Amino acid sequence: MVILPGLVAASLPFRCVSEQQEHDSQRAARLSPVLETSALKPCRTLFKHVATARKMAYRDYESWKNHRKERTAETNLTMSLSRLSDNAVYIVEEILENQVPGGIMETGVWTGFMSMVMAATLKVHSINDRIQYMCDSFTGLPPPDASRFPGDKGSGFHKLGRHNIGVSSTQERFRKNGLLEASRQRWEVGFFNNTMPGLRQRVDKLAVLRLDGDMYQSTWEVLLAMYPTLQVGGFLMTDDYDLPPFIKAIKDFRARYGIKEEMHFPKRPVLTGKVHLKQQGMYWKVERRVNIPLQDVVNTFSHARDLVMASSS
């Protein structure tokens with residue numbers, strides 16, 4: 001593992017833009033000569049001009065102009081802003097500095113901006129031994145199953161056509177930015193109720209798990225399958241900690257499995273249009289491993305019972 005000179009591990013409460021301007025300036029100065037190299041030039045805007053990077057991530061997406069016109073809270077909710085991007089960089093640098101073992105997983109990738117930020121951070125630090133998992137259907141969200149997950153009753157996320165972009169379009173954005181690396185990236189395509197049982201079998205360690213599934217079901221399924229793989233010193237990151245179904249899934253999971261780690265929230269709200277999202281980007285640092293009873297996993301993934309049982313034998 002190669003760490004750039006001057007990299008300092010972050011301490012909790014975690015850094016945010018408003019509190020860490022001096023650190024941001026030092027980090028920019030440290031990364032600048034590295035990002036100027038020909039191999040990493042495509043990554044520059046991911047760090048220096050987040051708004052440009054976000055726009056760049058949409059440049060092949062037909063609905064970009066509509067997004068700009070609508071300016072609704074729902075539309076902008078999935079566009080990660082600079083503070084969230086900086087926090088992702090800090091968290092990846094933290095697990096590198098402290099040598100926390102395991103891969104990096106995002107569940108709910110869509111156009112790939114946040115996964116590109118984390119991929120660029122790994123590339124800047126010359127990290128080649130961390131597997132990065134990009135998990136999404138890339139066709140949209142599932143219809144709500146309110147009989148099993150009452151928290152999703154009335155959900156209309158599955159009707160949002162803008163999520164149907166196809167995995168190839170997101171992979172192309174990675175390629176255009178010099179970040180598509182087949183040797184250490186895994187693209188897990190499908191609804192989480194289908195992909196998580198297999199990932200539970202294949203992934204034994206994660207250092208970072210980022211949740212961006214919007215719905216109760218999508219959030220619960222990922223937590224049941226993957227949270228036990230999070231290593232001490234790693235991070236659980238969220239995007240949508242302002243959506244009621246997402247919040248309820250997190251709170252229910254923490255209560256059921258006795259998770260007491262302090263939840264950290266942005267010191268400065270994310271601003272999308274005229275809406276302040278005060279809690280978006282919540283995260284916590286893992287202090288102890290959590291074991292999920294096998295029967296709970298079987299109940300959640302009853303359709304994949306054989307695979308769940310095989311992975312636990």
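This tour moves from a sheet to the helices around it, in a predicted model.

Begin by selecting the open sheet, whose 6 strands run in the order 3-2-1-4-5-8 with mixed pairing. Colour strand 3 (185-189) and strand 8 (283-285): these stand at the edges with a single partner strand each, so one side of each lacks a neighbour in the sheet. Direction ignored, neighbouring strands are turned by 10° against each other on average.

Next, select strand 1 (residues 103-107) together with strand 2 (residues 132-136). The two pair in the parallel sense over 4 bridges. Within this pairing, Met105 has Tyr133 of strand 2 as its bridge partner.

Keep these strands visible and add helix 9, which lies across strand 1, strand 2 and strand 3 and runs at about 160° to strand 2.

Now display helix 9 (residues 192-202) with helix 10 (residues 216-226); they pack at an angle of about 10°, their axes 9 Å apart. Helix 9 and helix 10 are therefore roughly parallel to each other. To see the contact, show Phe192, Asn193, Met196, Leu199 and Arg200 on helix 9, and Gln217, Ser218, Glu221, Val222, Ala225 and Met226 on helix 10. By class, this contact comprises 6 nonpolar, 3 polar and 2 charged residues.

Finally, turn to helix 8 (residues 167-176), and select Ser169, Thr170, Arg173 and Phe174, which are buried. Looking down the axis of helix 8, one finds its buried residues within an arc of 150°, so they line one face of the helix. An α-helix has 3.6 residues a turn, so residues three or four places apart point the same way. The last stop is Gly178, just after helix 8, where phi is positive at about 70°.

Technical notes
Residues are numbered from 1 along each chain as its sequence is written. This is a predicted model: local features need pLDDT of at least 70, side-chain atom pairs count only at pLDDT 80 or more; totals for chains, interfaces and linings use all residues. Side-chain values use heavy atoms; hydrogens and water are left out. Buried means under 20% relative accessible area, exposed over 50%, partly exposed in between (1.4 Å probe, protein chains only). The arc is that of the directions from the helix axis to the C-beta atoms. Axes are lines fitted to C-alpha atoms, for helices over the stretch in contact, and angles run from 0 to 180 degrees between N-to-C directions. Angles under 35 degrees count as roughly parallel, over 145 as roughly antiparallel, 65 to 115 as roughly perpendicular and the rest as oblique. Contact means heavy atoms within 4.5 Å. Ala, Val, Leu, Ile, Met, Phe, Trp, Tyr, Cys and Pro count as nonpolar, Asp, Glu, Lys and Arg as charged, and the others, Gly among them, as polar. Two strands pair if DSSP finds at least two bridges between them.
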